Amino acid sequence: MNSMRDPHVEKVVVNIGVGEAGERLVKAQKVIEMVTGQRSVQTISRTINRDLAIRKGMPLGCKVTLRGNIAEEFLGRALEIREMRIPSYSFDKEGNMSFGIADYTDFPGMKYDPEIGIFGMDVSVVLRRTGNRVTQRSILRRKVSRGHRMDRSEAIGFMKEKFGIEVVE
């Protein structure tokens, strides 16, 4: 078997969308840092939406990007909260996966704090094969051939094998 064909978890992005700047955003950043153990970054609005009173450049939420063993360990804990069951529509055609967690207190060791409140989060997982770096390097950037890209069925098979999840139709 070719080792270049083995899929792996490239990154896990944990996101909390608040929709406004201020005290609520600071609390969301505190929650995401408690859960992941990493520093968070604010997500900034790129467009204007007058109905929602959103201006360009306005902070709307926070996120943390996890890579390597930290990402796999966090993903294992997040899947345990979901009882190792993920709906099939959580996988896209390129082999990525996204799901939500309703409350941060579902994580082991997290207790409800009335000052913080309740925050849910979105977890996005990017699955790739070795060799995908050619799409991001600055010199001799190339496309990944169609046969080397991950697809939905391969991603589902990898997640079942590596993490033991059950995919619900």
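1. A residue counts as exposed when its relative accessible area is over 50% and as buried when that area is under 20%. By this criterion A53 is exposed, because its relative accessible area is 53%. A53 sits in the loop that joins β2 (41-44) to β3. The residue deserves attention in this predicted model, as its phi is near 60 degrees, a positive value in a residue other than glycine.

2. E83 presents a further case of positive phi: the angle is about 60 degrees, although the residue is not a glycine. E83 belongs to the loop between α2 and β4 (85-87). Its relative accessibility is 62%, so E83 counts as exposed.

3. Concerning the overall architecture, the protein has 3 helices and 7 strands. Read from the N terminus, these elements follow the order β-α-β-β-α-β-β-β-α-β. The C-alpha trace spans about 55 × 40 × 30 Å along its principal axes. Of the 169 residues in the protein, 37% are buried. When contacts between residues at least 6 apart in sequence are considered, 63% of them join residues at least 24 apart.

4. The largest nonpolar core comprises 40 residues, and V12, L75 and M159 are those with the most contacts inside it. Two or more residues of this core come from each of β1 (7-17), α1 (23-36), β3 (59-66), α2, β5 (97-101), β6 (121-129) and α3. Leaving aside residues up to four places away in sequence, L75 touches V9, V12, M97, F99, V125, M159 and F163. Its partners thus include V12 and M159, which are named with L75 for the most contacts inside the core.

5. The packing of two helices merits a separate point. How close do the axes of helix α2 (residues 68-81) and helix α3 (residues 152-163) come, and at what angle do they cross? The axes come within 12 Å and cross at roughly 90 degrees. Since angles of 65 to 115 degrees count as roughly perpendicular, α2 is therefore roughly perpendicular to α3. On the α2 side the contact is made by E72, L75, G76 and L79, and on the α3 side by M159, K162 and F163. By character, the residues of this contact divide into 4 nonpolar, 1 polar and 2 charged. L75 and M159, both part of this contact, are also among the residues with the most contacts inside the largest nonpolar core.

6. The structure holds 1 aromatic pair. The ring centres of F74 and F107 are 5.6 Å apart and the planes lie at 25 degrees, so the pair is stacked; the relevant cut-off for stacking is under 30 degrees. F74 is in helix α2 whereas F107 is in the loop between β5 and β6, so the pair ties together parts that are 33 residues apart in sequence. Are these two residues buried or exposed? F74 counts as buried because its relative accessibility is 1%. F107 likewise counts as buried, at 2% relative accessibility.

7. A final point concerns N96, which lies in the loop between β4 and β5. With 15% relative accessibility, N96 counts as buried. Apart from residues up to four places away in sequence, N96 touches S90, F91, V125, V126, L127 and R128. V125 is also one of the residues that L75 touches.

Definitions and conventions
Residues are numbered from 1 along each chain as its sequence is written. This is a predicted model: local features need pLDDT of at least 70, side-chain atom pairs count only at pLDDT 80 or more; totals for chains, interfaces and linings use all residues. Side-chain values use heavy atoms; hydrogens and water are left out. Axes are lines fitted to C-alpha atoms, for helices over the stretch in contact, and angles run from 0 to 180 degrees between N-to-C directions. Helices (H or I, at least four residues) and strands (E, at least two) are DSSP runs, numbered from the N terminus. Angles under 35 degrees count as roughly parallel, over 145 as roughly antiparallel, 65 to 115 as roughly perpendicular and the rest as oblique. Contact means heavy atoms within 4.5 Å. Ala, Val, Leu, Ile, Met, Phe, Trp, Tyr, Cys and Pro count as nonpolar, Asp, Glu, Lys and Arg as charged, and the others, Gly among them, as polar. A nonpolar core is a set of buried Ala, Val, Leu, Ile, Met, Phe, Trp, Tyr and Cys residues joined through side-chain atoms within 4.5 Å. Buried means under 20% relative accessible area, exposed over 50%, partly exposed in between (1.4 Å probe, protein chains only). Rings of Phe, Tyr and Trp (its six-membered ring) pair if their centres lie within 6.5 Å; planes under 30 degrees apart count as stacked, over 60 as edge-to-face and the rest as tilted.
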